[in-house]
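Reader: I'm new to this structure and would like a close look at just one part of it. Could you walk me through the open sheet, strand by strand, and tell me what packs on it?

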Amino acid sequence: MSEADLIDDTGEEPAILSLPLDAWHRARGGRMVEFAGYHMPVQYEGVMPEHLWVRDSAGLFDVSHMGQLLFRTEDGADLDGALESVLPGDIAGLKPGRQRYSLLLAEDGGILDDLMVTRLPDENPFDVQGLYMVVNGATKFDDIAYFLDKLPEDVLINHMEDQALLALQGPKAVDALARLVPGVRDLVFMTAAPFEWDGKPLWIGRSGYTGEDGFEISIDGEYVEALADALCAQPEVKPIGLGARDSLRLEAGLPLYGHDLDETITPVVADLGFALSKRRREEASFPGATRILAEREGGPAVKRVGLRVEGRQPVREGAAVLDAAGGEVGRVTSGGFAPSLNAPIAMAYVPAALAATGTRIQLSQRGKVHHATVTAMPFVPHRYVR
């Protein structure tokens, strides 16, 4: 699909699109909502039981709305150098089968998207020597346009629109997947490799966005329903909706693009300084380096923090952070009830003077003042297998 396909002949917004598992979700009682331009399941049994199931067992998420991109070059051109012109990570140092979280940066250092990039080994199901990247569904067409504008013409990009993507997450995910795909236990966090299931090629990475151990599985959309059936036939696995995916990533302290991250936020302000690799910092060779490195050295004026909210009522995105005089000095970007903690939590951007752990702050939502305490993230410890 091209950018032009997003607008119909009348210039009006198109109908909501469907993913390969649309009928599969509906047949299993998924309540469908629009997300990133697609019909997607927000829940099946309910957000809280689905959330707790993932924490205790394994949940299957359909994340096929996300953009799966392949990058390669012709005639031995410098693919790594090209991508390092828009990403702050050490792409050149990425070994085959290794994944890296990175950020697509605007020229001023603002975050255009967060993404995962993997060096493909010589043998892979895509028959490409290059890099595999997963970008957010809501930004994928803008990302592609930005890559096309900023990267040299000899960098070739393949948007694999026919490829589906499943995320199997939870402490028992490895037990369920290993029955179907022997060898996946050998993967550790942030590694990926080619596999087969029922004669169908798979690309599997040991990663995810819930804070739990788990896997992301790329498969041709033609075969994804059969794989989803096989996974959900395992006693550990249930299908899980977007609602629990959001509460899980919030407990894990993981930011969501378009809410906790946007083009006005830099990596340092977002507390994502780990995405700035040492070599790239020393070279100061990424977009917005002067601004970002100055923030890293002197500290940013505002910071993303975690909040434990007093009482039982969640404080939602858009709530104001107040200073002692009642003036607005920040905003909540994600908030909700944390099933694992049985308490409301939130993320917010606050002035640096209010960002220390243990600082008590006030929040205003719909005219009501709530009290909260700045808390270290993640709220629930990550359980990755390293």
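Author: Sure, and keep in mind that this is a predicted model. A good way in is strand β11, residues 200–205, which is joined to strand β12 (residues 214–220) by three bridges, with the two strands running antiparallel. You can pick out single pairs here: I204 has I217 of β12 as its bridge partner, and G205 is matched with E216 of β12.

Now look at what β11 does with strand β10, residues 192–197. These two also pair in the antiparallel sense, over six bridges. One pair to find on screen is E196 with its bridge partner P201 in β11. Together β10 and β11 make a hairpin, with two residues between the strands. In that turn sits D198, which has a positive phi of about 55°.

Let's step back to the whole sheet. It is an open sheet of six strands, and if you walk across it the order is β10-β11-β12-β9-β3-β13, with mixed pairing. Which strands stand at the edges? They are β10 and β13 (237–239); each has a single partner strand, so one side of each is left without a neighbour in the sheet. As for the twist, neighbouring strands of this sheet are turned by 30° against each other on average, if you ignore direction.

Next come the helices. Helix α6 (residues 224–232) packs on the sheet and touches β3, β9, β10, β11, β12 and β13. Its direction makes about 10° with that of β9. Helix α2 (residues 47–56) lies across β3 (58–62), β9 (163–169) and β13. This helix, α2, runs at about 120° to β3.

For some context, UniProt, in an unreviewed entry, places a feature called "domain: GCVT N-terminal" at residues 22–278. That span is 24% helix and 30% strand, and its end C-alpha atoms lie 43 Å apart.

There is also a second sheet to set beside this one. It is a closed barrel of six strands, running β14-β17-β16-β15-β18-β19, with antiparallel pairing. Neighbouring strands of the barrel are turned by 40° against each other on average, direction ignored. Helix α7 (residues 242–251) packs on that sheet, touching β16 (328–338) and β17 (343–351), and its direction makes about 120° with that of β16. Within the barrel, strand β18 (residues 360–365) is joined to strand β19 (residues 368–375) by six bridges, running antiparallel, and Q362 stands opposite H371 in β19.

Note on methods: Residues numbered from 1 in each chain as written. Predicted model: local features only at pLDDT ≥ 70, side-chain atom pairs only at ≥ 80, totals over all residues. Heavy atoms only, no water. UniProt positions renumbered as here; feature names shortened; annotations may be inferred. Helix = DSSP H or I, 4+ residues; strand = E, 2+ residues; numbered from the N terminus. Pairing = 2+ DSSP bridges. Axes fitted to C-alpha atoms, helices over the stretch in contact; angles between N-to-C directions. Contact = heavy atoms within 4.5 Å.
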